[in-house]
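Here is a short tour for anyone meeting this model for the first time. Have a look at the picture, then read on.

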Amino acid sequence: MSTAQQRRAYAGPALFSYGFRPFFLSGVIWSALAVPLWIWSLFGGQTVAGHLDWHVHEMLFGVLGAILAGFLTTAIPNWTGRMPVIGAKLAALWSLWLAGRLAMLVQVFVGPIAAWIDSAFLVVFAAVVWREVLSGRNWRNLPICLLTALMAAANVAFHLDAALGLQGLGTRIALAAAAAMLALIGGRITPSFTQNWLRQRGEAKLPPPFGTFDKIAVISAAVAALSWAIAPGQAVAGVLLIAAGGVNLARLTRWRGNRTTAEPLLLILHLSYAWLGLGLLLLGASVLTPLVPRPAGVHALSAGAIGVTCLAVMCRASRGHTGRPLSADRATVAIFIAINLAALLRVTAAFIPEYQAGLLMLAALCWTLAYGGFAVAYGPMLVGPRPRQA
């Protein structure tokens, strides 16, 4: 059977009929809860789950890990034509993710076993990605395999940080892998979706096909981000990051984003890629000059590029795969406004330390409104069956 036939033959709960359903929903709910919990911990003088960097871990490996799993378990069967991970297998994979979140919450009580439980999900998920891509001989997506494996390794490094004195290497590698993945995947879907939409509207000038300049942009982002992850204080890393930021912003200008203002579901993809370019620029500048604080670059990439891209992709994928129109409604527009405000406030807070507390609280509120808003607006789509076509 084809991938589509295999999906139609599935007769279990709708929640486990596609990877995006359980992972998107649980990922956004956890994101909406984790950020306020961190803010409460930060200003209440307590550490969540006994770990100072708990919120960093949960945003990168918990929330991003879930959304990445939802996207790839849905997309890879279309790339390879192989049997999708659905039903009991999908439920088992999702249960591993959930076990990791619980383990990280109670790690002060269970000790090192929390790290083993948490690490299992991304290791198993990376193995699934490798198996599907290799079995399907889908060589084009080997970089996705490598970056997914790098995320799993970064999570292990996070847990080994204190014992081995890695000084945050795992966190930096995860952020670098995410930046490279955004340049690769965002650089595919944004011009492709834009081209299709513009063509339907009769536009003659379309985004150019993927070419040499795009390869340079992706490689520059990956090399620059990884160089910073390995040597965060070296000037060469700063120069590479600024160059990569400039190249990727130039890449963005070729995609006709100014013609997508009538459709927020497309415009948000261009804005999310702009956050990637800006994040690389700010992170590079923070290496070269004390005038730019490092948290500004880090959060332009994390809250901005990652946070906005995740919501952009989730909204589009959820609507498309559940048979809804590929057009943003009012709730979706509100979600997009809230997440961009959250990212802007979080970056601004790094530059104005005297107002940082208030700005952090406002950023957390906007973040929760965005991700919690997705859960409310899109939750019924994710747990319910696809509507029957008239």
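What follows covers a few helices, how they pack, and the cysteines.

## Before you start

This is a predicted model, where local features need pLDDT of at least 70, side-chain atom pairs count only at pLDDT 80 or more, and totals for chains, interfaces and linings use all residues. Residues are numbered from 1 along each chain as its sequence is written, and side-chain values use heavy atoms, with hydrogens and water left out.

## Helix α9 and its neighbours

Let's begin with α9, which runs over residues 212-230. Helices here are DSSP runs (H or I, at least four residues), numbered from the N terminus. With 19 residues, α9 spans 27 Å from its first C-alpha to its last, close to the 27 Å expected at 1.5 Å a residue; the expected span is 1.5 Å times one less than the number of residues.

Plenty of names turn up on the buried list for α9, including D214, A217, V218, A221 and W228. Buried means under 20% relative accessible area, exposed over 50%, and partly exposed in between (1.4 Å probe, protein chains only). The buried residues of α9 pack against α8 (169-200), α10 (235-252), α11 (264-288) and α12 (294-321), with contact meaning heavy atoms within 4.5 Å.

Over in α10 sits A243, which counts as partly exposed because its relative accessibility is 41%. A243 is 26 residues from A217 in sequence, and their C-alphas are 9.6 Å apart in space.

## Two helix pairs

Two packed helices are described by the angle between their axes and the distance between the axes. Axes are lines fitted to C-alpha atoms, for helices over the stretch in contact, and angles run from 0 to 180 degrees between N-to-C directions.

Take α7 (residues 142-164) and α8: their axes are 7 Å apart, at an angle of about 160°. That makes α7 roughly antiparallel to α8 (the label for angles over 145 degrees). Among the α7 residues at this meeting are I144, L147, M151 and F158, while the α8 side includes L169, I173, M181 and L184.

Now for α11 and α12, whose axes come within 8 Å and cross at roughly 160°. These two are therefore roughly antiparallel to each other.

## The cysteines

How many disulfides does the structure hold? Zero, where a disulfide is a pair of cysteine sulfur atoms within 2.5 Å. C315 is in no disulfide, as the nearest cysteine sulfur, in C310, is 11 Å away.

Why does C145 have no bond to C310? Their sulfurs are 19 Å apart, too far for a bond, and C310 holds the closest cysteine sulfur to that of C145. C145 counts as buried because its relative accessibility is 0%, and C315 counts as buried at 0% too.

Note on methods. Angles under 35 degrees count as roughly parallel, over 145 as roughly antiparallel, 65 to 115 as roughly perpendicular and the rest as oblique.
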